[in-house]
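Here are some short exercises to work through with the model open beside you. Try each task yourself before you read the solution.

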Amino acid sequence: MGLQDYDKKELQNKPFEGKQVYYSGSIKGAPELEPDFAWQLVQYMAEGGADVLSEHVAARNREEMDQIRARRIGMEIQDMLAKPEPWLLIRKQDNEWVDQATHLVAVVNAPSHGVGMEIERAILKPQRGLNETPILCLIHETLLDKLSFMVRGVSEDEHPSFHLKTYTNLQEAQNTVHDFLIGNL
């Protein structure tokens with residue numbers, strides 16, 4: 001299906017309403033092939049009604065990232081940035097969001113310790129008495145051969161609702177996200 005099949009009119013119907021999505025992507029790794037790819041993908045989910053818990057990850061710059069995170073956690077930016085060890089707050093909050101999420105969407109184009117940890121945390125949720133969380137890992141088709149075997153090797157036995165999908169452009173990624181969030185993958 002093409003993006004025209006998932007036009008603005010359908011997004012107005014909020015097909016992703018009720019979904020709490022944890023978006024995971026490399027913040028400190030390599031930049032995306034398409035500069036605003038992550039932002040546009042996250043906005044697509046939000047416009048479709050999803051509550052994207054980690055929208056800040058897709059921010060277009062550091063200032064925007066800090067503003068979104070501070071708003072989301074209910075803090076003033078200056079208070080958040082003044083924390084002597086901000087990584088403690090960030091790790092705790094991100095883990096809580098992964099646990100809260102009904103779905104996890106990860107872009108795995110670049111190596112990232114954080115993305116790997118977030119995927120693994122979502123995989124292990126049922127062992128901790130939490131909901132099984134469907135996971136979608138998106139990777140640009142030209143990068144598939146560089147993907148970590150730790151991600152590529154997740155089997156259906158290990159996590160029945162784990163999906164690894166390639167894309168060539170934003171439109172294809174949005175189509176895949178659409179199908180994932182409405183349960184058609």
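**Exercise 1: an exposed glycine**

Work out whether Gly183 is buried or exposed.

Solution. Keep in mind that this is a predicted model. Step one: take the relative accessible area of Gly183, which is 57%. Step two: compare that with the cut-off, where exposed means over 50%. Gly183 therefore counts as exposed. Step three: place the residue, and you'll find Gly183 in the segment after helix H8 (170–181). While you're there, look at Ser161: it sits 22 residues from Gly183 along the chain, and their C-alpha atoms are 9.9 Å apart.

**Exercise 2: the sheet**

Find the order of the five strands in the open sheet, and say which strands form its edges.

Solution. Step one: read across the sheet, and the order is E2-E1-E3-E4-E5, with parallel pairing. Step two: look for strands that pair on one side only; these are strand E2 (51–52) and E5. Step three: zoom in on E3 and E4, which run parallel and are joined by four bridges. Leu104 has Ile135 in E4 as its bridge partner, while Ala106 stands opposite Cys137 in E4.

**Exercise 3: two sides of E4**

Sort the residues of E4 by the way they point, and say how many are buried.

Solution. Step one: recall that side chains in a regular strand alternate between the two faces of the sheet. Step two: in E4, Ile135, Cys137 and Ile139 point one way, and Leu136, Leu138 and His140 point the other way. Step three: count the buried ones, and you get six of six, so E4 is mostly covered.

**Exercise 4: one face of H6**

Explain why the buried residues of H6 line one face of the helix.

Solution. Step one: list them: Val115, Glu118, Ile119, Ala122 and Ile123 are buried. Step two: look down the axis of H6; these residues fall within an arc of 140 degrees, so they line one face. Step three: check what they pack against, and you'll find E1, H5, strand E3 (103–107), strand E4 (135–140), helix H7 (149–152) and strand E5 (162–167).

**Exercise 5: the largest pocket**

Describe what lines the largest pocket.

Solution. Step one: the pocket holds about 900 Å³ of space. Step two: its lining has 30 residues, with Ile27, Ile90, Asp94, Gly114 and Glu118 nearest the centre. Step three: the elements giving two or more residues to this lining are strand E1 (20–24), helix H3 (62–73), helix H4 (77–81), helix H5 (86–100) and helix H6 (113–123). Step four: sorted by class, the lining has 12 nonpolar, nine polar and nine charged residues.

How values were computed: Residues numbered from 1 in each chain as written. Predicted model: local features only at pLDDT ≥ 70, side-chain atom pairs only at ≥ 80, totals over all residues. Heavy atoms only, no water. 1 Å grid on protein atoms, 1.4 Å probe; cavity = no way out; pocket = protein on both sides within 12 Å on 5 of 7 lines; lining within 4 Å. Points joined across faces, edges and corners; volume = space filled by probe spheres on them. Nonpolar A, V, L, I, M, F, W, Y, C, P; charged D, E, K, R; others polar. Buried < 20%, exposed > 50% of the residue type's maximum accessible area, 1.4 Å probe, protein only. Arc of directions from axis to C-beta. Contact = heavy atoms within 4.5 Å. Pairing = 2+ DSSP bridges.
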